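Subject: Structure handover

Hello,

Here is the structure I said I would pass on. My notes on it follow below.

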Amino acid sequence: MRTHARVVVIGGGVVGCSVLYHLTKLGWRDVMLVERSELTSGSTWHAAGGFHTLNADTNMAALQGYTIRLYRELEEITGQSCGLHHVGGVTLAGSQDRLDYLKAEHAKHRYMGLDTRIVSPAEIRELSPITNVEGVLGGLYDPLDGHLDPSGTTHAYAKAARMAGAEIVLRNPVIETNPRPDGGWDVVTEQGAIHAEHVVNAAGLWAREVGALAGARLPLHPVEHQYLITEDTPEVYERDAELPHVMDPEGESYLRQEGRGLCIGFYEQAMDLWGVDGTPAGFGHELLNDDLDRIGDSLEFAFRRFPALERAGIKRVINGPFTFAPDGNPLVGPVPGLRNYWSACGVMAGFSQGGGVGLSLAQWMIEGEPERDVMAMDVARFGDWATPGLVRARVRQNYQRRFSVSYPNEELPAARPHQTTPAYPLWKAARAVFGHGYGLEHVNYFAPEGEPLFETPSFRRSNAFAAVGAECLAVREAVGINEIHNFGKYRVEGPNAADWLDRIMAGRLPREGRVALSAMLSPKGKIIGDFTITNLGGGRFHLTASYSARAYHMRWFEAHLEPGVTVRDVSLDLLGFQIAGPKAQALLARVARGDVSTAALPFLSARELDIGASRALVQRVSYTGDLGYEIYVPAAEQVALHETLTAAGGDLGLKPFGMRAMMSLRLEKGFGAWMREYRPDYRPAETGLDRFVAYGKNADFIGRAAALAERETGPKRRLCTLRVDARDADVVADEPIWHGGDVVGFCTSGGFAHWAGVSVANGFLPVDLIAEGREVEIEILGEKRPAVVFTRPLFDPEGARLRG
């Protein structure tokens, strides 16, 4: 066994072997894998082995497509069969909402190059004669779906890695992982210690325990999962061709052919968590006790959907554990707070996602960043707020909803409320309907008296539509108040703070007392943040960005930190409100001690002012695109600030507004949003963020060379805004844009602009198609709707109110 390796991968399941293979594929050969037992031990060996491309996140779907296409390559490299069965698969829709969801997914697939199609009940019956299509409205067919041999595939990854120089050591449990001063790790195993430059935790069922050795608490939990294998069935073995997979969400089941019989698995409501107190050290190639009572209702439904199943005898029951993250996606990437320690775990769909996980992580380690945005599986999407109790509750919820329709406006209830601000009871008393993000509650909208305190999940305009419209009008016609806790907030201080920020941020730093907007770029020039920077003077800066990116951004800051600089996350220490609308300045003047006129406090400026009894940081900026201010105070003084503002604003028409209204208002100004218009897939010039990149400044900021190259060649596509002739459904994201009979672009976000009274979409189009009045079509829920490009903001196009 080697005593030194560039990378030690811990865990010999399909994911660990994929990571090892991809490291060698990208050029790192001094790598090794350490497995406590045998390859496939834990979850891999008893997996059902299905694979599919369907995923609500387009990048995850693309990585799943990569994984599926990779298997032929592995077979060619190694001569090891993966046992591939490319039989195709159909997902059934037993309700209109389900059919709407499948139509939306199919529309995304058009510009992703995935060859799916919507099929009728008759076509489903033709594809799968054993399926009873009574009550089925249609389905989504994907020719890439299929299944494989889990053991053969894992050994193919391992063999390919060994052929390229990797070492695999079996029957060698890891006892300790100790950080070294040089940033590497001492991995202590039963067979000896290994000095590793990098450690990858791909330990599957043992990922929690392996993470704890390094002081990391990974948010995942094992769950029991059952599937059945039937005896030989005439309806199966008398066919000339293999049956396709059938996913039946209403029945919480997936079904495929297994030899001369059938294999059916369930995501049942009466599910069981497993290993609550930890995964037993001696567990490995065992199964759990059968529990058919747990799947009784699902099995009864399956007998009606697949009558042949009821006539087939049960040959074998497989009940085994596998791991889930709270949202069901993998946990991949650098673990925040640890140097050179990487996660590749929580991959519950290993044979759909394992190849993509391995590729992305290897690119991240070797090239500094993955080629596509992997935020949906970045381990940094969770923070310390993801406690073990919350993880258990949300893993349970996610498992039970594995086949549920995912609505764009849906807010799920598990482990909520979890984190709240002092203003939470004030909003609750005002009939707030809450959403949540990154563990924290926020107001979506305020329900009028007589209306339910619940937004109906829908792909179309919901019961919140009128209430959100009223909030938007209150802002545009008088003044609105909104909590600003869901900004990530950071304090950067020290004698070298300005020089450091000048290299971290692509934009120009503001002078003292001023505010500037800036992109933050990766080395390859991709957008990894859009920040508001306030220069407080004395080497102190106040930064704000997306709240959901807190761990993501702190990980980046800490990885690039230099002497003479400190960075603190003060997101929950500084709270407050924004006030926005034509009467916002009048309201501020009533409560502030000091001159707040435009001359004294102009647009993009900041001052410390006494507001009531509080000393507040007041910034002249507003995401609503209106005249507005952000007011920050210590968290303990937030309620007092609210009392001060509301007492002074009653006769000015002060009304609270939530995030639904905020997102509508920003559309009227063409403002982008993090992870919609601005994300690590995109670059400054194509999104318009090049306005906030100081290409010529003296500092050699991260990503400068790539940003200059993009500016030199010019982008092939640009973000633009469109009016949409929508019916009762607005653009959400990822809808294809058609022109001349071809898909030419896609939407990044959209919604109804209530003040302007029109449906609006943001999206990418080829540069030569972007012109005022250009007519295109946007496919919404399977229907192409007319849309027109416009190039001036719908609200305050000259910025007179914003700056006045």
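Which residues touch the most other members of the largest nonpolar core? They are Val8, Val492, Met505, Phe531, Leu543 and Phe557, in a core of 95 residues. Helix α15, residues 550-559, gives the most to this core, with five residues. Please keep in mind throughout that this is a predicted model.

Nonpolar cores

Valine 492 is one of the residues named above. Leaving out residues up to four places away in sequence, valine 492 touches Ala497, Trp500, Leu501, Gly539, Arg540, Phe541, Leu543, Val565, Thr566 and Val567. Leu543 is thus in both lists: a contact of valine 492 and one of the residues that touch the most other core members. A separate core has 48 residues, among them Val15, Leu74, Ala362 and Met365. As background, nonpolar side chains in soluble globular proteins tend to be buried together.

Salt bridges

How many salt bridges are there? The count comes to 45. The general background is that side chains of opposite charge can pair when their charged atoms come close. I picked out three pairs and one network.

The first pair on my list is arginine 460 with aspartate 100, whose side chains meet at 2.3 Å, N to O. This salt bridge links distant parts of the chain, as the two residues are 360 residues apart. Arginine 460 sits in the loop between β20 (440-446) and α13 (465-477), while aspartate 100 belongs to helix α3, residues 96-112. Is each partner buried or exposed? Aspartate 100 is buried, because its relative accessible area is 2%, under the 20% cut-off. Arginine 460 has a relative accessible area of 30% and is therefore partly exposed.

Next comes arginine 660 with glutamate 455, a salt bridge in which the closest N and O atoms are 2.9 Å apart. These two residues also lie in distant parts of the chain, 205 residues apart. Arginine 660 is in helix α18, residues 659-669, and glutamate 455 is in the loop between β20 and α13. That loop also holds arginine 460 of the previous pair. Glutamate 455 counts as buried at 9% relative accessibility, whereas arginine 660 is partly exposed at 24%.

Glutamate 608 and arginine 615 form another salt bridge, with 4.0 Å between the closest N and O atoms. Here glutamate 608 is partly exposed, with a relative accessible area of 44%, and arginine 615 is partly exposed as well, at 48%.

The network of salt bridges links Glu224, Glu268, Asp272, Asp291 and Arg294.

Two helices

At what angle do helices α1 and α2 pack? Helix α1 (residues 14-25) and helix α2 (residues 58-78) meet at about 70°, and their axes are 13 Å apart. The angle falls between 65 and 115 degrees, so α1 is roughly perpendicular to α2. On the α1 side the contact is made by Tyr21, His22 and Lys25. On the α2 side it is made by Tyr66, Leu70, Glu73, Leu74 and Ile77. Leu74 was listed above as a member of the 48-residue core.

Three buried residues

Threonine 153 lies in helix α5, residues 150-163, and is buried, with a relative accessible area of 0%. What does the side chain of threonine 153 reach at 3.3 Å? The backbone oxygen of cysteine 82 is at that distance. Not counting residues up to four places away in sequence, threonine 153 touches Tyr71, Ser81, Cys82, Leu148 and Phe351.

Threonine 721 is in strand β33, residues 717-724. It is buried too, at a relative accessible area of 12%. Its side chain makes a polar contact of 3.3 Å with the side chain of asparagine 762. With the same exclusion of sequence neighbours, threonine 721 touches Val760, Ala761, Asn762, Val788, Val789 and Phe790.

Valine 570 is in the loop between β26 (566-569) and β27 (574-580). At 4% relative accessibility, this valine counts as buried. The C-alpha atoms of valine 570 and lysine 489 are separated by 5.4 Å, although the two residues are 81 residues apart along the chain. Beyond four places in sequence, valine 570 touches Lys489, Tyr490 and Arg491.

Regards

Technical notes
Residues are numbered from 1 along each chain as its sequence is written. This is a predicted model: local features need pLDDT of at least 70, side-chain atom pairs count only at pLDDT 80 or more; totals for chains, interfaces and linings use all residues. Side-chain values use heavy atoms; hydrogens and water are left out. Helices (H or I, at least four residues) and strands (E, at least two) are DSSP runs, numbered from the N terminus. Buried means under 20% relative accessible area, exposed over 50%, partly exposed in between (1.4 Å probe, protein chains only). A nonpolar core is a set of buried Ala, Val, Leu, Ile, Met, Phe, Trp, Tyr and Cys residues joined through side-chain atoms within 4.5 Å. Contact means heavy atoms within 4.5 Å. A polar contact is a pair of N or O atoms within 3.5 Å; within protein, one must be able to donate a hydrogen and the other to accept it, and residues adjacent in sequence count only if both atoms are side-chain atoms. Axes are lines fitted to C-alpha atoms, for helices over the stretch in contact, and angles run from 0 to 180 degrees between N-to-C directions. Angles under 35 degrees count as roughly parallel, over 145 as roughly antiparallel, 65 to 115 as roughly perpendicular and the rest as oblique.
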